[in-house]
Amino acid sequence: MQETGVRNSAFGADKLGLTGLNAVHWNLHDTALYEHAILNGEATIVEGGALCAETGIHTGRSPKDKFVVCDETTEETIWWEKNGKLSPEQFDVLLADFIAHAKGKSLYAQDLFGGADPTHRIKARVFTELAWHSLFIRSLLRRPELSELTNYTPDFTILCLPTFKADPKKHGVRSETVIALNLTKRMILIGGSFYAGEMKKSVFTTLNYYLPAESVMPMHCSANVGKDGDVALFFGLSGTGKTTLSADPNRTLIGDDEHGWGPGGVFNFEGGCYAKTIKLSREAEPEIYDATLRFGTVLENVVFDPVTRVCDFNDDSKTENTRSAYPLDFIPNASRTGRAGMPKNVVFLTADAYGVMPPIAKLTPAQAMYHFLSGYTAKVAGTEKGLTGVEPEFSTCFGAPFLPRHPSVYGNLLRELIGVHGVDCWLVNTGWTAGKYGVGRRMPIKVTRTLLTAALDGSLKNASFRTDPYFGFSVPTSVPGIEPHLLYPFKTWKDKSEFDQTARQLVKMFNDNFVKFESHVDADVRAAAPEVQIAAE
């Protein structure tokens, strides 16, 4: 077997049971991985220098194909309502078949860190079948120094073989695609999907399991810090502006997707960014645009001209979920340490396609826990295959697919941290105004940035506030630079009766969704539920 690159000679692929391999390429750098990807026919270099690959039928995650091994360690600690079960015996059969499938192949191994805080990080060794997958995970996780590789022994191992096809009958899974986590053996198997995001989200899920026991809150959020050290967290689901809004030229970016909040402050789990590129432009998102079109970046499913290799970010013919993965240091004002102090502001981002929520609202700690557990946004036509019109989505903790434990574990942790550190909490609607999706317009990003700036610099707290008659939170009555009517959503609608009906419908959705959490929260959180305070017309 050929071996290239740098590794700990005492801990090789054979420790996982991987034998009969053609080669293992250890910790290759970007240039070498480009060479392998091109020679293997895996990807294409596009104008600007990025490496562009296609992910086939899977252009996003497959949450229904994720399984956790149920054993003595996990039986009472996993949120089984949202996580599929595998027995230890089923996992062992699956692992044996993965190992057999790898025989004769050349694998790429990266030794990386999940977490910028040395006290709470995990050492993740990632074996991939594809060179571009190795470049992707090398960009998304944190890279050890060369000296740290000498004695590197992994805490967790990921084996990603996209050409492996699971057998539902034999392996106890749903389809030919599988993401299997064994938290006792500290192993993750990924097969049947070329979508690279499965690897990074598996590391996130793993940290979500272990960190609460260390009094660390794992979070699906972006984070940045101001010149005075004021940290802001941005929670939000895909399409709400989490990456865009945290990439603020006037603030230092800590990270764009996954963080921990512990005794030492906030720390990034990752060493890179994973940005959506649909409709990406230099005018709207200059930092992300420039990071996307350069050597070392990996593009997924981006359409480009076959002759000029120029990318067309407006073309969604492959998927709306086109992506760019690049190291954090591609963003000029990104943090080099991935660490900062205690948050001063927490922002929940929602893309309300019903057009009835205000552009910003201030939340009490109880309301913050309510909306954190609710995790509301709305999906619109085109974001998922077969979806037409508007569909509400309540993804608890703004990341239900990545929560191995019950949501109340994370909700209680967040509430405790908010209370201890006196954090201000805000709900920001980056969705629609002046009507529903298809009738109204998207909230102007200039408006959102102006309101966020006022919230983060503290000036918004000095505004006068009204209580929203539908949702009960506090909404500013006027903000310099903002058209006054935007702060009163019903004033933006031509048909006031339709607004009232739509708002009541959304309030009911909130209440119906929260029933499953009522027995897990205190009375003040239950009382924070939206309640219409005006008579129906």
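This passage describes the overall build of a predicted protein model and then follows one group of paired strands within it.

The fold combines 13 helices with 31 strands. Measured against the expectation for its length, the overall form holds no surprise: a compact globule of 537 residues would have a radius of gyration near 24 Å, and the value computed here is 23 Å, so the two agree. The C-alpha trace extends about 75 × 55 × 45 Å along the principal axes.

Turning to the interior and the surface, 59% of the 537 residues count as buried. The exposed area comes to about 21000 Å², and carbon and sulfur atoms supply 50% of that area. Contacts also reach across the sequence: among those between residues at least 6 apart, 72% join residues at least 24 apart. As for charge, there are 55 positive and 62 negative charges, and their mean positions lie 1 Å apart.

For a closer look at the strands, strand 16 makes a convenient starting point. Strand 16 (residues 265–268) runs antiparallel to strand 15 (residues 258–262), and four bridges join the two. The connection between strand 15 and strand 16 is a hairpin that passes through two residues. Within this pairing, His259 has Asn268 of strand 16 as its bridge partner.

Strand 16 also pairs with strand 22 (residues 339–340), again in an antiparallel manner, through two bridges. Here the bridge partner of Phe267 is Arg339 in strand 22. Strand 16 is thus joined both to strand 15 and to strand 22.

Methods: Residues numbered from 1 in each chain as written. Predicted model: local features only at pLDDT ≥ 70, side-chain atom pairs only at ≥ 80, totals over all residues. Heavy atoms only, no water. Rg over C-alpha atoms; globule rule 2.2 N^0.38 Å. Buried < 20%, exposed > 50% of the residue type's maximum accessible area, 1.4 Å probe, protein only. Contact = heavy atoms within 4.5 Å. Areas by Shrake-Rupley, 256 points an atom, 1.4 Å probe, with all protein chains shown as cover. Lys, Arg positive; Asp, Glu negative; His and termini not counted. Charge placed at Lys NZ, Arg CZ, Asp CG, Glu CD. Pairing = 2+ DSSP bridges.
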